[in-house]
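Thanks for making time this morning. I would like to take you through one structure, slowly, and please stop me wherever something is unclear.

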Amino acid sequence: MDGLKLWLAEVGRKAYVAFIEQDRWKLYLKGLGITMEVAFFAAIIGIIIGTVLAFMKLSVKRNGKPSFLARIANAYIDIIRGTPSVLQLLIMWFIILSFCRNKILVACLSFGINSGAYVAEIVRAGILAVDKGQTEAGRSLGLSQFQTMRYIVIPQAFKNVLPPLGNEFIVLLKETAILGYVALDDLTRVANQITSRTYEAFMPLIGAALIYFVIIKILTILLNKMERRLRKSDNR
Amino acid sequence: MITVKNLHKSFEDNNHVLRGVNYHISPGEKIVIVGPSGSGKSTFLRCLNLLERPTEGEIWFDGQCITDERVDINHVRQHMGMVFQHFNLFHNLTIMDNIILAPTKLKLQTVEEAKENALKLLTRVGLQEKADAYPASLSGGQKQRIAIVRSLAMNPRVMLFDEPTSALDPEMVGEVLQVMKELADSGMTMVVVTHEMGFAREVGTKVLFMDGGNIVEENTPAEFFGNPQAPRLKEFLSKVL
Ligand SMILES: Nc1ncnc2c1ncn2[C@@H]1O[C@H](COP(=O)(O)OP(=O)(O)OP(=O)(O)O)[C@@H](O)[C@H]1O
Ligand SMILES: [Mg+2]
């Protein structure tokens, strides 16, 4: 009995030190804010870049060979996928954008450029998954390539693309845990710092992990809901 | 109306699918094309509206050489309707929007005109109450009738059909053939790839037999079925009749 009481008291003290003392919970919240901010804006940048890349990749020359634009897109995707995202972030911060002192901006750009490569594949697959017959029917009516894309293919591709884009966002959210490499105080770095300040690892690290987990769990539930609704309204 | 001169088509993997097809279609004709699987019927039909680019040869439509690189193919296609085996209705649009999309976006009709015209056409095929439904809620036969209506909404001068009843349950074949017969009676020029020999006999002005990438025999339905010449056609007919 006494042992249990002692143990509980010890846990309470550790939790107090990790979260309450010196208003440390505010640090976690601020860290979470940075994590979410970077993930959110990077996702938007990624979607824009990825969509452009996807259409570049899909462009073909008249003889069916990949166009110049498609080659550029392929090279971009190769480079991004072939290098660690930590290094990309460091290269952006210390070399390419070293003149820019706004860390958040550099982080958003770096992660956005990274995510764009993956979004490109998602968007491309989503467009290719639309039945070829849809395009043929559009073109046979005299609609141009652009009109067929705009009114028929893209609306249908949109549904294919939403669920994997949600997954990509979750991946992105977790990837931002490397922001500490450029001294940005995201959630992971905050937990790490509190660990070294209080000489207690358990509470800060498990606590941070739980926060990520809960947020991603909520996102996953929302995503599944959306997917189910998309499937229900799937008029096929 | 359509003249095909020395039409060749090969695909990348070097299979020579069409081997020098020549043919002439006059206004008001109903050309029915039959032949074994893989003989190039679909490829021939799809070359007529350039869904497939011929590798060699010329196609003339209403006095214009449409295989010429400089011709605006989108404009030519506005006058050639096409109906596909798998209907290819636009999944993301209602029946009404399927029908009026092309006429309105191509600025040939105002939305009001297009809707009025669409309702008339839908009434003609008995599907006016489906205007606001989505394709997914229709049967195969209904989808194909809508697909025909969608093509007709462009006021085409010729209609191409690629096995329009092959993907249908047997009990729905009749309703689609009925619409096609009515269309034929209205004077439309039609080119129809089909396995429906009854339709070929009844509606066709000419029946073509394709095999090995060429037209092997061409005749009036009575002669075609009653007095076939080519051995391969005799063999084919003995299998399908
Ligand atoms: N896009 C393509 N790429 C490569 N080969 C093709 C393509 N389309 C058709 N073919 C080939 O061309 C040949 C003729 O095909 P086509 O579809 O014209 O035949 P078909 O007479 O319509 O046959 P079916 O009765 O089965 O529809 C086939 O051997 C087919 O494999
Ligand atoms: Mg075919």
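I will begin with the ligand and then turn to the salt bridges.

Please keep in mind throughout that this is a predicted model.

Let us start at ligand 1, which is surrounded by 13 residues, the closest being B:Ser37, B:Gly38, B:Lys41, B:Ser42 and B:Thr43. If you sort this shell by character, you find seven polar residues, three charged ones and three nonpolar ones. Helix H1 of chain B, residues 41–48, supplies three residues, and that is the largest share of the shell.

Looking at individual atoms, a polar side-chain atom of B:Thr43 sits 2.5 Å from an oxygen atom of ligand 1, and an N or O atom in the side chain of B:Ser42 is 2.6 Å from a ligand oxygen. With B:Gly40 the backbone takes part instead, since one of its polar backbone atoms is 3.0 Å from an oxygen atom of the ligand. Taken on its own, ligand 1 has 640 Å² of accessible area, and the protein covers 63% of that.

Now to the salt bridges, of which there are 19 over all chains. As a reminder, side chains of opposite charge can pair when their charged atoms come close.

In chain A, which residues are linked in a network of salt bridges? They are A:Lys57, A:Arg81, A:Glu121 and A:Arg124. Within that group, A:Glu121 and A:Lys57 meet at 3.2 Å, N to O, and this pair links distant parts of the chain, with A:Glu121 in helix H5, residues 103–128, and A:Lys57 in helix H2, residues 24–58, 64 residues apart. Both A:Glu121 and A:Lys57 are buried.

A:Glu121 also forms a salt bridge with A:Arg81, where the closest N and O atoms are 3.9 Å apart, and here helix H5 is linked to helix H3, residues 68–81, across 40 residues of sequence. Is A:Arg81 buried or exposed? Neither, quite: its relative accessibility is 45%, so A:Arg81 counts as partly exposed.

In chain B, I would point you to B:Glu175 and B:Arg145, whose side chains meet in a salt bridge at 2.9 Å, N to O. Because B:Glu175 lies in helix H6, residues 170–185, and B:Arg145 in helix H5, residues 140–152, the pair ties together parts that are 30 residues apart in sequence. B:Arg145 has 12% relative accessibility and therefore counts as buried, whereas B:Glu175, at 27%, counts as partly exposed.

Methods: Residues are numbered from 1 along each chain as its sequence is written. Chains are lettered from A and ligands numbered from 1 in the order in which they are written. This is a predicted model: local features need pLDDT of at least 70, side-chain atom pairs count only at pLDDT 80 or more; totals for chains, interfaces and linings use all residues. Side-chain values use heavy atoms; hydrogens and water are left out. A residue is near a molecule or strand if one of its heavy atoms lies within 4 Å of it. A polar contact is a pair of N or O atoms within 3.5 Å; within protein, one must be able to donate a hydrogen and the other to accept it, and residues adjacent in sequence count only if both atoms are side-chain atoms. Accessible areas come from the Shrake-Rupley method with a 1.4 Å probe; for residues, only the protein chains shown count as cover. Helices (H or I, at least four residues) and strands (E, at least two) are DSSP runs, numbered from the N terminus. Ala, Val, Leu, Ile, Met, Phe, Trp, Tyr, Cys and Pro count as nonpolar, Asp, Glu, Lys and Arg as charged, and the others, Gly among them, as polar. A salt bridge is a side-chain nitrogen of Lys or Arg within 4 Å of a carboxyl oxygen of Asp or Glu. Buried means under 20% relative accessible area, exposed over 50%, partly exposed in between (1.4 Å probe, protein chains only).
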